[in-house]
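Hi everyone, thanks for coming. I'd like to walk you through some helix packing and then the pockets, so have a look at the model on the screen.

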Amino acid sequence: MSAAAGAPLFVSSETAAAVFQWLPAVRALQETYARPMGPHAVPRRTIAAGVAERASLRTMTAVPPGSRYYGAKLMGMAFGQEGRQLEYVVVLFDATTGSLAAILDGNLVTAYRTAATSAAALDHLAPPGGARLAVLGSGLEARMHTLAIAAVRELHEIRVYSPTPAKRAAFAEGIGAELGVHVRAVDSAAEAVGGADIVLAAARSYGEKPILQGAWLEPHATVVSIGSTLPDQREVDSSVVARAELIVCDNVEEVLEESGDMLAARQAGIEPDKKCFSLNELMCGKVRRTSGDGTVVMYKSVGSGLQDVVVAGMILDLARSAGLATPLPIRFEPKRIG
């Protein structure tokens with residue numbers, strides 16, 4: 001079957017990597033989050049799970065305001081003979097016609113959108129000018145976030161810690177060469193964080209114990225935390241939540257009710273609700289960092305379908321313009337209403 005004109009497109013991870021650009025993604029997210037949003041534009045994620053089947057499906061949907069596209073990300077996970085396997089797919093519909101526009105491999109889209117959203121928030125939270133960055137973690141998310149942060153702030157020095165010496169050394173060498181910045185692998189999380197203006201927590205610890213302590217933070221530090229998205233996951237200690245005077249969340253309800261870090265803070269007698277605000281409020285100027293060197297602020301992310309759709313839509317447009325999107329040999333029969 002040959003692909004007809006106007007057929008849905010497929011965008012692979014290889015194509016996404018070839019066309020993706022950090023700063024346009026950050027600006028697109030900032031513009032979207034600055035728009036008024038209806039109460040149903042970004043519903044809470046849903047998770048379906050089968051016990052006997054040892055499988056689950058997470059669904060994140062969004063109709064971003066002002067966007068050409070709307071859609072969903074699906075994350076399928078199953079335990080097979082070779083262990084656990086995850087696959088992500090982002091499905092985009094055209095907001096003007098309702099037709100299926102594209103299907104994207106969601107693996108890199110997820111990493112791109114998480115990091116670009118963190119950089120979008122950081123750009124409003126961190127003081128302008130050069131900065132020293134601490135990175136806790138050396139995996140894909142740590143790498144993507146470092147690149148995204150470098151797109152909005154000039155980095156003078158980067159210190160990285162992760163439990164495996166070889167991995168943190170490889171991270172330091174690779175990022176240093178890519179960014180042209182002095183990157184140093186260090187022997188402890190405390191050593192990485194000491195003196196840092198920006199602290200990125202991008203790796204949950206073994207045994208789900210916090211990897212970042214509030215006592216390590218400089219009085220002016222900006223913290224980005226992305227690794228605790230479910231109740232049984234931990235990343236930052238409750239002392240970090242206590243020190244933060246402002247906590248900006250991509251989804252306030254889900255951060256407060258589903259992030260293990262916030263649940264643990266409540267158990268420790270800390271009440272984060274009154275200092276948690278949405279990314280939409282930050283981008284609209286309704287909340288901002290107070291001036292002064294004694295203010296620790298934090299951006300806490302659990303992820304959102306809005307981020308997936310906005311970044312996937314940008315990647316789709318770039319791939320289409322570059323002639324790299326693949327037309328799919330499929331056709332859907334639309335149901336006419338009215």
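**Helix packing and pockets**

Let's start with a helix contact: on the α3 side we have Leu 108, Thr 110, Ala 111, Tyr 112, Thr 114, Ala 115, Ala 116, Ser 118, Ala 119, Leu 122 and Asp 123, and they meet Leu 140, Glu 141, Met 144, His 145, Ala 148, Ile 149 and Val 152 of α4. Sorted by class, the residues of this contact are 12 nonpolar, four polar and two charged. Please keep in mind that this is a predicted model.

How do the two helices sit against each other? Two packed helices are described by the angle between their axes and the distance between the axes. Here α3, residues 106-125, and α4, residues 140-152, pack at about 40°, and their axes are 8 Å apart. That angle makes α3 oblique to α4. As for the hand, α3 and α4 cross in a right-handed way.

Now, α4 has another partner to show you. Helix α2, residues 22-33, packs with α4 at an angle of about 80°, the axes being 9 Å apart. The pair α2 and α4 is therefore roughly perpendicular. From α2 the contact takes Trp 22, Leu 23 and Val 26, and from α4 it takes Met 144, Leu 147, Ala 148, Ala 151 and Val 152. By class, that contact of α2 with α4 has eight nonpolar residues, with no polar and no charged ones.

On to the pockets. The largest pocket has a volume of about 1500 Å³. It is lined by 44 residues, and nearest its centre lie Glu 141, Arg 204, Ile 226, Gly 227 and Gln 233. You'll recognise Glu 141 from the contact of α3 with α4. Which elements give two or more residues to this lining? They are the strands β3, β4 and β5, together with α3 and α4. The largest share, five residues, comes from α3. The whole lining divides into 19 nonpolar, 15 polar and 10 charged residues.

The second largest pocket comes in at about 400 Å³. Of its 16 lining residues, Val 42, Asp 250, Asn 251, Val 252 and Ser 278 are the closest to the centre. Helices α8 and α10 each supply at least two residues of that lining.

Last stop, the largest cavity, with about 40 Å³ of space. Its lining includes Val 42 and Asn 251, both of which are also among the residues closest to the centre of the second largest pocket. By class, the cavity lining has three nonpolar, four polar and two charged residues.

That's my tour, and I'm happy to take questions!

Conventions. Residues are numbered from 1 along each chain as its sequence is written. This is a predicted model: local features need pLDDT of at least 70, side-chain atom pairs count only at pLDDT 80 or more; totals for chains, interfaces and linings use all residues. Side-chain values use heavy atoms; hydrogens and water are left out. On a 1 Å grid over the protein atoms alone, a cavity is a set of points where a 1.4 Å probe fits but cannot get out, and a pocket is an open set with protein on both sides within 12 Å along at least five of seven lines; lining residues have an atom within 4 Å of a point. Grid points are joined across faces, edges and corners, and a volume is the space filled by probe spheres set on the points. Ala, Val, Leu, Ile, Met, Phe, Trp, Tyr, Cys and Pro count as nonpolar, Asp, Glu, Lys and Arg as charged, and the others, Gly among them, as polar. Axes are lines fitted to C-alpha atoms, for helices over the stretch in contact, and angles run from 0 to 180 degrees between N-to-C directions. Helices (H or I, at least four residues) and strands (E, at least two) are DSSP runs, numbered from the N terminus. Angles under 35 degrees count as roughly parallel, over 145 as roughly antiparallel, 65 to 115 as roughly perpendicular and the rest as oblique. A crossing is left-handed if the near helix is turned anticlockwise from the far one by less than a right angle, and right-handed if clockwise. Contact means heavy atoms within 4.5 Å.
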